[in-house]
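Got the viewer open? Here is a tour, one selection at a time.

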Amino acid sequence: MNGSNIATVYLKELKDMLRDRRTLMSMIVIPTLLMPGLMLLIGTVTVKVIKKASQETPTIMVLGGEDSPAVRSALAENIRIRLVATTPDWRQRISDKKVRAAVEIPPGFDTALEHGEARTVKIYNYEGEVRSGFGVNELRRFFNEYRDKVLTARLTARGLPDTFVRPFEVKTENVAAAEKVGGNAIGGMIPYFFIILCFTGAMYPAIDLTAGEKERGTMETILCSPIARLDLVLGKFLMVLTASLATVVFSVLSMAATVVLGGTMLLKSAGGAAAMKGGVAAGGVIPLLNPLGMLGVVAMILPVAVMFAAVQLAVALYAKSYKEAQSYLSPFIVVIVMPAVIGLLPGVELNARLALVPILNLSLVSKEMVSGVFHWNYIALIFGSTCAYAALALAFCVRMFNREDVLFRT
Amino acid sequence: MIEARHLTKVFQDKKRGEIRAVDDVTFTCRPGQIYGLLGANGAGKTTTLRMLATLLRPTSGGATVAGHEVTQEPQKVRAQVGFLAASTALYGRLTARETIAYFGRLNGLTAGAIAERTKQLADELELHEFLDRRVDKYSTGMKQRTSIARTLVHDPPVLIFDEPTVGLDVMAARTIVRFVRDCRDRDRTVIYSTHIMSEVGKLCDVVGIIHRGRLLAEGSLEQLRARFGESDMEEIFVKAVGGETEAA
């Protein structure tokens, strides 16, 4: 092994890659600008739509209830909704989003209340439509309050306390530390993103440096130089690894910036209650993760990145052309996503056996680490086994570069 | 000096079974001499030259190139060889200067030596005009001259050319031919494969006719003319391979 030759190959590949617009797009521009840009755009639009919808007073049609003036006048007095004249095509008008909802007062509703008989009030809505949902919420709130009023009146008439119908209350309170809540909620997602970014970041350069070189005819040129195959592989491998890690780093930095900046922007622009809630959740997620755990995840991803870079380089080398390499590597995304997804499932917990399953082990241990839980024996086992897999992958890659039937496959 | 001894290469093909691409080929190529390897497409020229350049490993037999055995010291062999083929392309996103420097470094030259060599090659091959432009913007002729510079950066004593003029226009092909002659004049050992009969007459001191992996005839042009009783190279070739080329 000759360090100077490895460095020569690495630096040349780096220069070559940085001059390639396609690589820059896939490695830097897309993860840093496009993804957060899209996230921000979608977030802003959503907040604006929700804000506009929540500021609007829902229009409601009342069906029936002509013999129940009490409830009708109470509805008419409610400033949170606006009653509009009832028309026979009310169903169509809800579907056309001209009216948000309709409420049907059963015949003799007022009288039935006085006699203590139960009646059903029916609300008609456009399921899944946000503004119709706001109309329904207001109607529900109105009828709940109306029911409470009737109930209180009945209890008072009988000289009974409120606790007669509500003998006790039920409340939930969180006792887990904030970082554990955060870790559990999104801890599994973090390695999932890292794994995908790490893999896709390595894919384009791995193909370009092998099958791409075969296709362009530069592979034979470099092979007839006196550099040892091992040095050539290692130089190329380091480049692929750099691209893979760069994609992860750029994505993480831009995501973090998006979450912090985006959260603040949304808070400022929205101001509404719904937006406040969304903004606080977005801005509050990162501080809720254990920072040491986050560093741990980054450390654990390193051998995985080595493994990905080596495997992709070896597989892409086997291909004769860029397209062939793409068709070999694309299915791998599914293969690596599967264990990452299994790690997200509830109830799948880390144990000695699962600690040996590549990718899945990373997914599981990351969930623990960002929650501030460190099972050092598992961490050592996972790091060690992943390093071993990475070494095997690299050895396989070197072997492939020494096979003339792979290099000169026709 | 190149000495090939019973060079044999067998490929395993799933459909066609065992293929003897090169079969027991023996020849010697001396400094100051151009050895022409003449054969039709698929005759085994490229495989032979790739074995000499250590890109492929012989199945049996061997070869010594500039004093090093191809199977034992492949890196040392490659350090003594300049290999230029129609299939050896350049990195499109590098400039000619960067290309020369890259291959110079891989050949163990120091930064000072690379700078000096770049100037020398740029003077000889008239590269100055486009030395700092990216290769993918070059014309075919510029690419050829840069490829020659890449091949010569370490001033190798042995030069292997595998059909270097394939696909080139007349002017670009002439550049190559002139350069090959220059190598001979500088006492380099040159081996040149081609299927173009006229090139053999213009360039080669010794000709080996290869067909279906076997070296069927070898000698100087005069010797071959005398042996086959023909003056035209094409007729000599057809006679040497027993009139089989069309069928092949």
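Start by selecting Thr156(A), which sits in helix 6 of chain A, residues 130–158. Keep in mind as you go that this is a predicted model. Is Thr156(A) buried or exposed? It counts as exposed, because just 11 C-beta neighbours fall inside 10 Å, and the cut-off for exposed is 12 or fewer. Now add Lys236(A) to the selection and draw a distance between the two C-alpha atoms: Thr156(A) and Lys236(A) are 80 residues apart along the chain, and their C-alpha atoms are separated by 84 Å.

**Two helix pairs in chain A**

Next, pick helix 13 (residues 291–318) and helix 16 (residues 376–401) of chain A. Their axes are 8 Å apart, and the packing angle is about 20°. Angles under 35 degrees count as roughly parallel, so that is the label for helix 13 and helix 16 of chain A. The crossing of this pair is left-handed.

Show side chains for the contact. From helix 13 of chain A, the residues taking part include Met300(A), Pro303(A), Val304(A), Met307(A) and Tyr318(A). Facing them from helix 16 of chain A are, among others, Ile382(A), Phe383(A), Thr386(A), Cys387(A) and Phe401(A). How does the contact of helix 13 with helix 16 of chain A divide by class? Colour it and you get 22 nonpolar residues, one polar and no charged.

Now move to helix 8 (residues 189–208) and helix 15 (residues 360–370) of chain A. Here the axes are 8 Å apart and the angle is about 135°, which makes helix 8 and helix 15 of chain A oblique to each other. Helix 8 of chain A passes helix 15 of chain A in a right-handed crossing. To see the contact, select Ile190(A), Pro191(A), Tyr192(A) and Ile195(A) on helix 8 of chain A, then Leu362(A), Ser363(A), Ser366(A) and Val370(A) on helix 15 of chain A. By class, that contact holds six nonpolar residues, two polar and no charged.

**Across to chain B**

Time to look at where the chains meet. Select the contacts between them and you should have 19 residues of chain A and 21 of chain B. On the chain A side, helix 1 (3–18) and helix 10 (218–223) each supply at least two residues. Colour the chain A side by class and the split is six nonpolar, six polar and seven charged.

Now isolate chain B, with its nine helices and 10 strands. Its C-alpha atoms fill a box of roughly 50 × 40 × 35 Å along the principal axes. What radius of gyration does chain B have, against a compact globule of 248 residues? The globule would be near 18 Å and chain B has 18 Å, so the two agree. Buried residues account for 46% of the 248. If you like contact maps, take the contacts in chain B between residues at least 6 apart in sequence: 67% of these join residues at least 24 apart.

**Last stop: helix 3 of chain B**

Zoom in on residues 96–106 of chain B, helix 3: nine of its 11 residues are buried, so this helix is largely enclosed by the rest of the structure. The buried ones include Ala96(B), Ile100(B), Tyr102(B), Phe103(B) and Arg105(B). What do the buried residues of helix 3 of chain B pack against? Bring chain A back, because part of the answer lies there: they pack against helix 1 of chain A, together with helix 4 (111–125) and helix 5 (140–152) of chain B. Finish on Gly108(B), just after helix 3 of chain B, where phi is positive at about 85°.

Methods
Residues are numbered from 1 along each chain as its sequence is written. Chains are lettered from A and ligands numbered from 1 in the order in which they are written. This is a predicted model: local features need pLDDT of at least 70, side-chain atom pairs count only at pLDDT 80 or more; totals for chains, interfaces and linings use all residues. Axes are lines fitted to C-alpha atoms, for helices over the stretch in contact, and angles run from 0 to 180 degrees between N-to-C directions. Helices (H or I, at least four residues) and strands (E, at least two) are DSSP runs, numbered from the N terminus. Angles under 35 degrees count as roughly parallel, over 145 as roughly antiparallel, 65 to 115 as roughly perpendicular and the rest as oblique. A crossing is left-handed if the near helix is turned anticlockwise from the far one by less than a right angle, and right-handed if clockwise. Two residues are in contact if their C-beta atoms, placed from the backbone, lie within 7 Å. Ala, Val, Leu, Ile, Met, Phe, Trp, Tyr, Cys and Pro count as nonpolar, Asp, Glu, Lys and Arg as charged, and the others, Gly among them, as polar. The radius of gyration is taken over C-alpha atoms; the globule rule is 2.2 Å times the number of residues to the power 0.38. A residue is buried if 20 or more other C-beta atoms lie within 10 Å of its own, exposed if 12 or fewer, and partly exposed in between; C-beta atoms are placed from the backbone.
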